[in-house]
Amino acid sequence: GSSVEVDPGVEVDEEIAEDDLLGGLRIDSTEDIEVPDRLVDQVIGQDEARDIIIKAAKQRRHVMMIGSPGTGKSMLAKAMSQLLPKEDLQDVLVYHNPDDGNEPKVRTVPAGKGDQIIDAHKEEARKRNQMRSILMWIIIAIVVGYAILTGSILLGILAAGIIWLIFRYTNRGTDAMVPNMIVNNGDQRVAPFEDATGAHAGALLGDVRHDPFQSGGMETPSHDRVEPGSIHKANKGVLFVDEINTLDIRTQQKLMTAIQEGEFAITGQSERSSGAMVQTEPVPCDFIMVAAGNLDAMENMHPALRNRIKGYGYEVYMDDTIEDTPEMRRKYARFIAQEVERDGRLPHFTDEAVEELILEAKRRSGRKNHLTLHFRSLGGLVRVAGDIARAEDRDHTTREDVLQAKERSRSIEQQLADDYIERRKDYELQVTEDGVEGRVNGLAVMGEDSGIMLPVMAEIAPAQGGGQVIATGKLQEMAEESVQNVSAIIKKFSDVDLSEKDIHIQFVQAGQQGVDGDSASITVATAVISALEDIPVDQSVAMTGSLSVRGDVLPVGGVTHKIEAAAKAGCSKVIIPAANEQDVMIEEEYEEMIEIIPCANISEVLDVALMGEPKKDSLVDRLKSITSTAFDQNQGT
Ligand code: ADP
């Protein structure tokens, strides 16, 4: 397509590129990487959005971008402004209207002309003022001279004062001649980019300031109180509005009018201010609108405005992740160079520091063979790491700095999870080497990126009526489903009829936070089987995984974070679904702390988690024979 491939201008070793975290890039630090000049070439990933921006810039179409924060929406909008022709730029001047002071006149001139006009007017005003003062002093001299001659000096001084005052306060007349340049593109080298995210009506649509002295020669002429809005400053350029739905409906309506008309008069926005009496002639606002938000925001925006943009422009979705290829990894290295350059004060990153960041981008993607496109938070990490190096006056940002930065820039959820673990240490929730019946260390993810260990306890009791699954809190549904799945398996090897039992399932210290239920179903199953068969569970083992009716362990999300949580909590083994094996991207420090055991079947899980042979062996053997292949054949009977 129209994408211009910019490889960082550094030697690339193609032989090792595939497996190399730097994609074969031969660099000592990010200093060796060339950053492209144009913003549009700095954008990483988002190929579709990029193509659309380029196309829309040519055709002057509006664009709507839908996607997660920090994926490059405003960056692309800004890049678009750099692609627009700058020859079209204009200056806008507001003049006093001698016929109606409350309706200032508006004139548009080519960019740069405005300054000349203002200068000419100022010069003329200065000359007039000069003439006026000369005139004033002549009159004063005559009056004072006459007074001295007639002997009434006091009267003379008084008269001189009055003359001075009259001249001083009729001076306004000359000020009114100088126009007010509300849009000045004289020094503008590219088409304007205006970010109107979160702007109130005045900032977006323009305003006329209140004048406390509305008469009596003290007032500021109305044209001088006119202030442009973002829509006017964005004339011939790009107006970017993120979270567009947060603009109030009336403002959205006015914005739509502005888009339709290509011009919009400025008036005072607060009703009781003297500015509200003033309304200028229409001021040009011929901008391209780039509206952004998440899907929710789009649905809540003014339908007419949305249709307008849709009908006259493009709509594009932003990607959250991108496939991990050597070329992409090289671009991520360039991303760091870009951020370092943009900041201007951060020391460049060593190759190892870059590798650690790319690893983090892989981890944050939460997807096999993908890299996250959430660049704002990644950029935050770059800055924190760079700041650490800078504070110590070092030439380069190192891997250590990146690791420390990660520690510092933990999300609220992570800090909460750590806090949990801290607090738990005060109670009896520590990991032990013992075996406990019916108690399993589950793992969950809080927020987006924080693992937490979440013990599950199961207890079996004779049913009072029909057998029930009783779980704490919101996890009832999940518990029921897990038990249902495991009961199909239990039926095959146990004499116990689950329908005659009440199964109590307790999630120890599960907060109200979003604990993802599905990934705990092998945990619940293990707890139930342990309680049912009176076989203890090894408390130094933690686990995550989803369970199918056939006893297969199915993949889950967030394994990396969960493994790290298990390691932090002091577990020595962690069970994960075999299908998740490739998603594991834990940090080195954890690798020695914990053994990762991939399991494909519940029998393998129990083999690792249960203690106390020979009871356990016999159970696992029975299970093996009925789950998986054997299970299929038994199914029909
Ligand atoms: P959004 O508008 O989607 O919330 P921004 O465009 O403001 O995100 O992104 C914030 C910063 O993150 C940018 O200024 C840039 O430094 C970096 N960034 C975001 N997306 C990308 C991208 N696709 N490629 C390179 N850098 C990016």
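**Close-up 1. Residues surrounding the ligand.** In this predicted model, the ligand has 16 residues around it, and those that come nearest are G70, S74, E339, R342 and R376. Sorted by the character of their side chains, the residues of this shell divide into six that are nonpolar, six that are polar and four that are charged.

**Close-up 2. Polar atoms facing ligand oxygens.** Two residues approach the ligand through their backbone: a polar backbone atom of K73 lies 2.9 Å from an oxygen atom of the ligand, and a polar backbone atom of M75 likewise lies 2.9 Å from a ligand oxygen. R376, one of the residues that come nearest to the ligand, contributes a polar side-chain atom, which is placed 2.8 Å from an oxygen atom of the ligand. On its own the ligand has 550 Å² of accessible area, and the protein covers 90% of that area.

**Close-up 3. The pocket and the elements of the shell.** The pocket in which the ligand sits is the second largest. The elements that supply two or more residues to the shell around the ligand are α4, spanning residues 73-83, α13, spanning residues 326-343, and α15, spanning residues 375-391.

**Close-up 4. Strand β19 and its two partners.** Strand β19, made of residues 450-462, runs antiparallel to strand β18, made of residues 439-446, and eight bridges join the two. Within this pairing, L443 stands opposite M453, a residue of β19. Strand β19 is also joined by seven bridges to strand β21, residues 501-507, and this pair too runs antiparallel. Here the bridge partner of I460 is I503, which belongs to β21.

How values were computed: Residues are numbered from 1 along each chain as its sequence is written. This is a predicted model: local features need pLDDT of at least 70, side-chain atom pairs count only at pLDDT 80 or more; totals for chains, interfaces and linings use all residues. Side-chain values use heavy atoms; hydrogens and water are left out. A residue is near a molecule or strand if one of its heavy atoms lies within 4 Å of it. A polar contact is a pair of N or O atoms within 3.5 Å; within protein, one must be able to donate a hydrogen and the other to accept it, and residues adjacent in sequence count only if both atoms are side-chain atoms. Accessible areas come from the Shrake-Rupley method with a 1.4 Å probe; for residues, only the protein chains shown count as cover. On a 1 Å grid over the protein atoms alone, a cavity is a set of points where a 1.4 Å probe fits but cannot get out, and a pocket is an open set with protein on both sides within 12 Å along at least five of seven lines; lining residues have an atom within 4 Å of a point. A molecule sits in a cavity or pocket if more than half of its atoms lie within 2 Å of its grid points. Helices (H or I, at least four residues) and strands (E, at least two) are DSSP runs, numbered from the N terminus. Ala, Val, Leu, Ile, Met, Phe, Trp, Tyr, Cys and Pro count as nonpolar, Asp, Glu, Lys and Arg as charged, and the others, Gly among them, as polar. Two strands pair if DSSP finds at least two bridges between them.
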